[in-house]
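User: I've got this chain open and would like to go through the labels on it. Could you give me the reasoning behind each one?

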Amino acid sequence: MTDAKLCWLDIREAGAATAAVLEEAVHQKIDGIVATDPAVFAGLPPTVRKVLLFEDGAATVPADLDGVDVVIVPGPRDARAELQAAHPDVQFGRYVEIVDADTLEDACLAARLEAWSVLDFRDPTKIPLEIVIAAASGAPGSIVTTAADTEEAEILYGVLEHGSDGVLMRGRTVGDATALRTAATAHGGEISLVELEVTATTHIGMGERACVDTTTHFRKDEGILVGSHSKGMVLCVSETHPLPYMPTRPFRVNAGALHSYTVGQNGRTHYLSELHAGSSVLAVDVDGRTRPVSVGRVKIETRPLISIDAVAPSGQTVNLILQDDWHVRVLGPGASVLNSTELKPGDRILGHLPTADRHVGYPINEFCLEK
């Protein structure tokens, strides 16, 4: 199996919208276009994989495969040996429709042996895909799983944490390619972090702070980005580190005052006050690797607060207001865990500096002064 998340768009039902769908697919850097007629690949750049898919069998494969990269057909490898011999420059793979235990075993065999396996699971459960992914662990080929829509595609990319190597989804209209690419990038990415130097800490009295309880188990070097301003945030660590008076709560980040921003998917910011069960926030580790995590609940309670001011190497200032208690922590360079009440001028903490101003959480190019 591979690490890259592949996006294959099936244009067989695009009809009159085919040209527009293809144009969008190229713009979105879709990895593969799936069709039954090689003629539709004319004009596509070499960066797009041209895939022919025939669920009915190898007998329908055209004689001329010029410009085709991959052909997917059902049945074992020996059934297409003659076809492969006639087209040595084309990769071949296997299509498997999984409806019972026998076809599930066929899918596991294909995932272990084939360069490409296109799997069509007819039942809504994802357990069969989990079995195939486990069976194919270490295999060099790629598993591409069919999805009915982008919601299913996003799930398929994350099954067993590794997910399917790729997703094949119908592209019937403009917008489908963009939606598929968005689903593929929803499971992890990177964000730039900088070292901030603490300049001041101030005890500011009582206020409401939010604990963000997620449905994930944070790693010790992970947290969420939180800040008073949309252009400067601090990496607040989760409660994965031991405390003397209470058990760890590895799902929680004691995130800050309820007015604060945090980062969600696709770069959108959210106020801590507007998060709720089912919301999504971005978990970030000290190397800037990200993954979306779901919120299980948010606890907003009145607590004493501390204001932390810091400055970036660029001179940009950052502020974070946290619960004024030593067990509330932020992350520093090298995954160091720093108690908020012990921070002092000169200490270094990790943060992120978004470049765009915000309107209802979305980046926008307009004048906006925050202070």
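Analyst: Sure. First a term: contact here means heavy atoms within 4.5 Å. By that rule V71 touches L52, F54, V61, L65, V90, Q91, F92 and G93, leaving out residues up to four places away in sequence. Keep in mind that this is a predicted model.

User: What makes the group around V71 a nonpolar core?

Analyst: A nonpolar core is a set of buried residues of the nonpolar kinds, joined through side-chain atoms within 4.5 Å. The largest such set has 48 residues, and V71 is listed with L9, I33, V132 and L180 as having the most contacts inside it. Helix α3 gives the most to this core, with five residues. Another core, of 29 residues, lies apart from it, with V295, I306, V330 and L343 among its members.

User: And what does the chain look like overall?

Analyst: It has six helices and 23 strands. The C-alpha atoms fill a box of roughly 75 × 45 × 30 Å along the principal axes. Of the 371 residues, 49% count as buried. Among contacts between residues at least 6 apart in sequence, 59% join residues at least 24 apart.

User: How do you know that the buried residues of α4 are on the same side?

Analyst: The buried ones in α4 (127–135) are P128, L129, V132 and I133. They cover an arc of only 135° around the axis, so they sit on the same side of the helix. The general background is that an α-helix has 3.6 residues a turn, so residues three or four places apart point the same way. On the other side of α4, I127 and A134 are exposed.

User: What covers the buried residues of α4?

Analyst: The cover includes α3 (101–113), β6 (116–121), β7 (142–147) and α5 (150–156).

User: Why is R252 with D213 called a salt bridge?

Analyst: The cut-off is 4 Å between a side-chain nitrogen of Lys or Arg and a carboxyl oxygen of Asp or Glu. For R252 and D213 the closest N and O atoms are 2.6 Å apart, so the pair passes the 4 Å test. The pair also links distant parts of the chain: R252 is in β13 (252–257) and D213 in β10 (194–214), 39 residues apart. By this rule the count comes to 24 salt bridges.

User: Why are R252 and D213 both called buried?

Analyst: Buried means under 20% relative accessible area. R252 has 9%, so it counts as buried. D213 has 1%, so it counts as buried too.

User: What makes R181 and D31 a pair that links distant parts of the chain?

Analyst: R181 forms a salt bridge with D31, with the closest N and O atoms 3.4 Å apart. R181 is in helix α6 (176–184) while D31 is in the loop between α1 (18–27) and β2 (32–35), a separation of 150 residues. As for R181 itself, 16% relative accessibility is why it counts as buried.

User: Why is D285 called buried, while R289 is called partly exposed?

Analyst: These two form a salt bridge, the closest N and O atoms being 2.9 Å apart. D285 has 0% relative accessibility, so it counts as buried. Partly exposed is the range between the 20% and 50% cut-offs, and R289 has 43%, so that label fits. Salt bridges that share partners join D285 and R289 with R219, D221, E222, D287 and R291 into one network.

User: What makes W326 eligible for a surface patch?

Analyst: A patch residue needs over 30% relative accessible area and no salt bridge. W326 has 34%, so it is partly exposed. Along with Y245 and M246, W326 makes a nonpolar surface patch of about 360 Å². W326 is in the loop between β18 (317–323) and β19 (329–332).

User: Why is the phi of K29 worth flagging?

Analyst: Most residues other than glycine have a negative phi. K29 isn't a glycine, yet its phi is positive, near 60°. K29 lies in the loop between α1 and β2, and its relative accessible area of 64% is why it's called exposed.

User: Where is A335, and how do you know that it is partly exposed?

Analyst: A335 is in the loop between β19 and β20 (336–339). Its relative accessible area is 29%, so it is partly exposed. A335 also has a positive phi, about 65°, although it is not a glycine.

How values were computed. Residues are numbered from 1 along each chain as its sequence is written. This is a predicted model: local features need pLDDT of at least 70, side-chain atom pairs count only at pLDDT 80 or more; totals for chains, interfaces and linings use all residues. Side-chain values use heavy atoms; hydrogens and water are left out. Patches are made of residues with over 30% relative accessible area and no salt bridge: like charges are joined within 9 Å, nonpolar side chains (Val, Leu, Ile, Met, Phe, Trp, Tyr) within 5 Å. Accessible areas come from the Shrake-Rupley method with a 1.4 Å probe; for residues, only the protein chains shown count as cover. Helices (H or I, at least four residues) and strands (E, at least two) are DSSP runs, numbered from the N terminus. Buried means under 20% relative accessible area, exposed over 50%, partly exposed in between (1.4 Å probe, protein chains only). The arc is that of the directions from the helix axis to the C-beta atoms.
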